[in-house]
Amino acid sequence: MLSRLFAPTVKVSAHCDLPCGVYDPAQARIEAESVKAVQEKMAGNDDPHFQARATVIKEQRAELAKHHVSVLWSDYFKPPHFEKYPELHQLVNDTLKALSAAKASTDPATGQKALDYIAQIDKIFWETKKA
């Protein structure tokens, strides 16, 4: 116990949990592109087994896209980003809602809407990387 009391302390600080280079909206975009591609393939195939498999894949990919967007929001974007881009909170929320809609739909337009929102996040993300 005394050794812990008198042990030297090390002060460590970092502005993020890992180097910021590990974050990239491309991960969300790739998953959302998969969602849209599956939606398009579902429109051209009436086989119930195909439809069931496609639905599972589409839902998994939508969840992965939501995960990547959420990680950007919670781990990458910091208060200065939200100050400079006050629309960012709403944009992330809209993106997550669009991905939920795409997850529940077979309409490729819902997948495209999610991709459009992700493109807006991507634009802001790369602007923050320049700063």
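Which helices are included in what covers the buried residues of helix 6? Keep that question in mind while you open the model, which is a predicted one, and follow the stops below.

**Stop 1: the whole chain**

Show the chain as a cartoon and follow the ribbon from the N terminus, where you will pass through six helices and no strands, so that the order of elements reads α-α-α-α-α-α. If you colour the 131 residues by burial, 34% of them count as buried. Switch on the surface next: the chain exposes about 8,400 Å², and carbon and sulfur atoms supply 59% of that area. Among the contacts between residues at least 6 apart in sequence, 74% join residues at least 24 apart.

**Stop 2: helix 6**

Select residues 108-130, which make up helix 6, an element of 23 residues that reaches 33 Å from its first C-alpha to its last, close to the 33 Å expected at 1.5 Å a residue. Just before this stretch, select D107, which caps the N-terminal end of helix 6 by placing a side-chain oxygen 2.9 Å from the backbone nitrogen of A109. Now show the side chains of T110, G111, A114, L115, Y117, I118, I121, I124, F125 and T128, which are the buried residues of this helix. An α-helix has 3.6 residues a turn, so residues three or four places apart point the same way. The opening question can now be answered: the cover over the buried residues of helix 6 includes helix 2 (26-43), helix 3 (48-76), helix 4 (79-84) and helix 5 (88-103).

**Stop 3: helix 3**

Move to helix 3, whose 29 residues should span 42 Å at 1.5 Å a residue, and whose end C-alpha atoms are 41 Å apart, which agrees. Its buried residues are F50, A54, K58, A62, A65, K66, H68, V69, L72 and Y76, and if you display them you will find that they pack against helix 2, helix 4, helix 5 and helix 6.

**Stop 4: the nonpolar core**

In soluble globular proteins, nonpolar side chains tend to be buried together. Here the largest nonpolar core has 22 residues, and those with the most contacts inside it are V69, L72, F77, L88, L99 and I121, which make a good selection to begin with. Helix 2, helix 3, helix 5 and helix 6 are the elements that give two or more residues to this core, and helix 6 gives the most, with seven residues. Centre the view on I121 and ask which residues I121 is in contact with, leaving aside its neighbours within four places in sequence. The answer is V69, L72, F77, L91, V92 and T95.

**Stop 5: the aromatic rings**

Select Y23, Y76, F77, F82, F125 and W126, which form one aromatic cluster, and note that the structure holds five aromatic pairs. Y76 and F125 form a tilted pair, with 4.7 Å from centre to centre and 50 degrees between the planes. Because Y76 lies in helix 3 and F125 in helix 6, this pair ties together parts that are 49 residues apart in sequence. Y76 counts as buried at 4% relative accessibility, and F125 is buried as well, with a relative accessible area of 0%. The rings of F125 and W126 have their centres 4.9 Å apart and their planes at 90 degrees, so this pair is edge-to-face, while W126 itself counts as partly exposed at 36% relative accessibility.

Stay with F125 for a moment and show what surrounds this residue: leaving aside its neighbours within four places in sequence, F125 is in contact with Y23, D24, P25, L72, Y76 and F77. The C-alpha atoms of F125 and F77 are separated by 8.2 Å, although the two residues are 48 residues apart along the chain.

**Stop 6: Q39**

For the last stop, select Q39, which is found in helix 2. Is Q39 buried or exposed? Its relative accessible area is 0%, so Q39 is buried. The side chain of Q39 reaches the backbone nitrogen of G111 at 3.3 Å, and G111 is one of the buried residues of helix 6 that you displayed earlier. Leaving aside its neighbours within four places in sequence, Q39 is in contact with K58, A102, S105, T106, D107, P108, T110 and G111. Among these contacts is D107, the residue that caps the N-terminal end of helix 6, and also K58, which belongs to the buried residues of helix 3.

How values were computed:
Residues numbered from 1 in each chain as written. Predicted model: local features only at pLDDT ≥ 70, side-chain atom pairs only at ≥ 80, totals over all residues. Heavy atoms only, no water. Helix = DSSP H or I, 4+ residues; strand = E, 2+ residues; numbered from the N terminus. Buried < 20%, exposed > 50% of the residue type's maximum accessible area, 1.4 Å probe, protein only. Contact = heavy atoms within 4.5 Å. Areas by Shrake-Rupley, 256 points an atom, 1.4 Å probe, with all protein chains shown as cover. Expected span 1.5 Å × (residues − 1). Polar contact = N/O pair within 3.5 Å; in protein donor to acceptor, adjacent residues only side chain to side chain. Core = buried A, V, L, I, M, F, W, Y, C linked by side-chain atoms within 4.5 Å. Phe/Tyr/Trp six-rings, centres within 6.5 Å; stacked < 30°, edge-to-face > 60°.
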